[in-house]
Amino acid sequence: MKEYYIEVLHQLRDAVRRKRPQLWASGDWQLHHDNAPAHSSRLVQGFLAKHRITQVSQPPYSPDLVPCNFWLFSKQKSPLKGKRFQTVDEIKENAMRQLIKNPKEDIADSFEKWKGCREKCVRSQGEYLEGN
């Protein structure tokens, strides 16, 4: 899994370089990671250090701070619910098709919500919070 994730990170770096040249040039972009084993592996951490990619760390026991949890998973699951796929490639193709359908505004909004939740977590010094 971590080897696959390194390939994803290569693609991400290339995309930032192409699509956000001002951020690439300034080095003023950050990568948010949750605490998944693939994200915290030595291989991945070495890659990030080597390429000077700044990370925004995930506080322990805070799965509610994952941006996709705010909207993406429910939107992705609904159209795929009850469907059966024959291959992993077919699953990937259908998931990608659903991702592309999401308006950019929805994606931007989810990250704004994430930033608000993260700030709330920082202010509370990582204490567990329920609800709003």
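Start by selecting N102 and Q98: the side chain of N102 reaches the backbone oxygen of Q98 at 3.5 Å. N102 sits in the loop between α6 and α7, and it counts as buried, with 11% relative accessibility. Keep in mind as you click around that you are looking at a predicted model.

**Another loop side chain**

Next, select S41 and V44. Here the side chain of S41 reaches the backbone nitrogen of V44, at 3.2 Å. You'll find S41 in the loop between α3 (37–40) and α4. Is S41 buried or exposed? It is buried, at a relative accessible area of 11%.

**Zoom out for the layout**

Now switch to a cartoon view of the chain. You should be able to pick out seven helices and two strands. Going along the sequence, they come in the order α-α-β-α-α-β-α-α-α.

Colour by pLDDT while you're here. The chain averages 81, and 84% of the residues score at least 70. Which helix has the lowest mean pLDDT among the elements, and which has the highest? Helix α5 (residues 72–80) is the lowest, with a mean of 75, and helix α4 (residues 42–50) is the highest, at 92. As a rule of thumb, where pLDDT is low, the predicted coordinates should not be read in detail.

Then turn on the surface. The accessible surface of the chain comes to about 10,100 Å², and carbon and sulfur atoms account for 54% of that. Of the 132 residues in the chain, 26% are buried. As for how the chain meets itself, take the contacts between residues at least 6 apart in sequence: 61% of these join residues at least 24 apart.

**The nonpolar patch**

With the surface still showing, select M96, L99 and I100. These residues form a nonpolar patch on the surface, and together they have about 300 Å² of accessible area. I100 belongs to helix α6 (residues 88–101). It is exposed because its relative accessible area, 66%, is over the 50% cut-off.

Stay on helix α6 and click I91, which is also placed in that helix. I91 is partly exposed, with a relative accessible area of 43%. Add L80 to the selection and draw a distance between the C-alpha atoms: I91 and L80 are 11 residues apart along the chain, and their C-alpha atoms are separated by 9.3 Å.

**The salt bridges**

How many salt bridges does the structure hold? There are two. The general idea is that side chains of opposite charge can pair when their charged atoms come close.

For one of them, select R17 and D14. Their side chains meet in a salt bridge, at 3.4 Å from N to O. Both R17 and D14 lie in helix α1 (residues 2–19), three residues apart, which is about one turn of the helix. R17 counts as partly exposed at 39% relative accessibility, and D14 is partly exposed too, at 32%.

For the other, jump to D109 and K113. This salt bridge joins their side chains at 3.3 Å, N to O. Both residues are in helix α7 (residues 104–123), four residues apart, about one turn of the helix. D109 is partly exposed at 37% relative accessibility, and K113 is partly exposed at 42%.

**A positive phi**

Now select R52, in the loop between α4 and β2 (54–56). What is its phi? R52 has a positive phi of about 50 degrees, although it is not a glycine. For context, most residues other than glycine have a negative phi. R52 is exposed, because its 74% relative accessibility is over the 50% cut-off.

**Last stop**

Finish with N35, which lies in the loop between β1 (30–32) and α3. N35 counts as partly exposed, with 46% relative accessibility. Add Q58 and draw a C-alpha to C-alpha distance: N35 and Q58 are 23 residues apart in sequence and 6.3 Å apart in space.

Notes:
Residues numbered from 1 in each chain as written. Predicted model: local features only at pLDDT ≥ 70, side-chain atom pairs only at ≥ 80, totals over all residues. Heavy atoms only, no water. Buried < 20%, exposed > 50% of the residue type's maximum accessible area, 1.4 Å probe, protein only. Contact = heavy atoms within 4.5 Å. Areas by Shrake-Rupley, 256 points an atom, 1.4 Å probe, with all protein chains shown as cover. pLDDT = per-residue confidence, 0-100. Patch = residues over 30% accessible without salt bridge, like charges linked within 9 Å, V, L, I, M, F, W, Y side chains within 5 Å. Salt bridge = Lys/Arg side-chain N within 4 Å of Asp/Glu carboxyl O. Polar contact = N/O pair within 3.5 Å; in protein donor to acceptor, adjacent residues only side chain to side chain.
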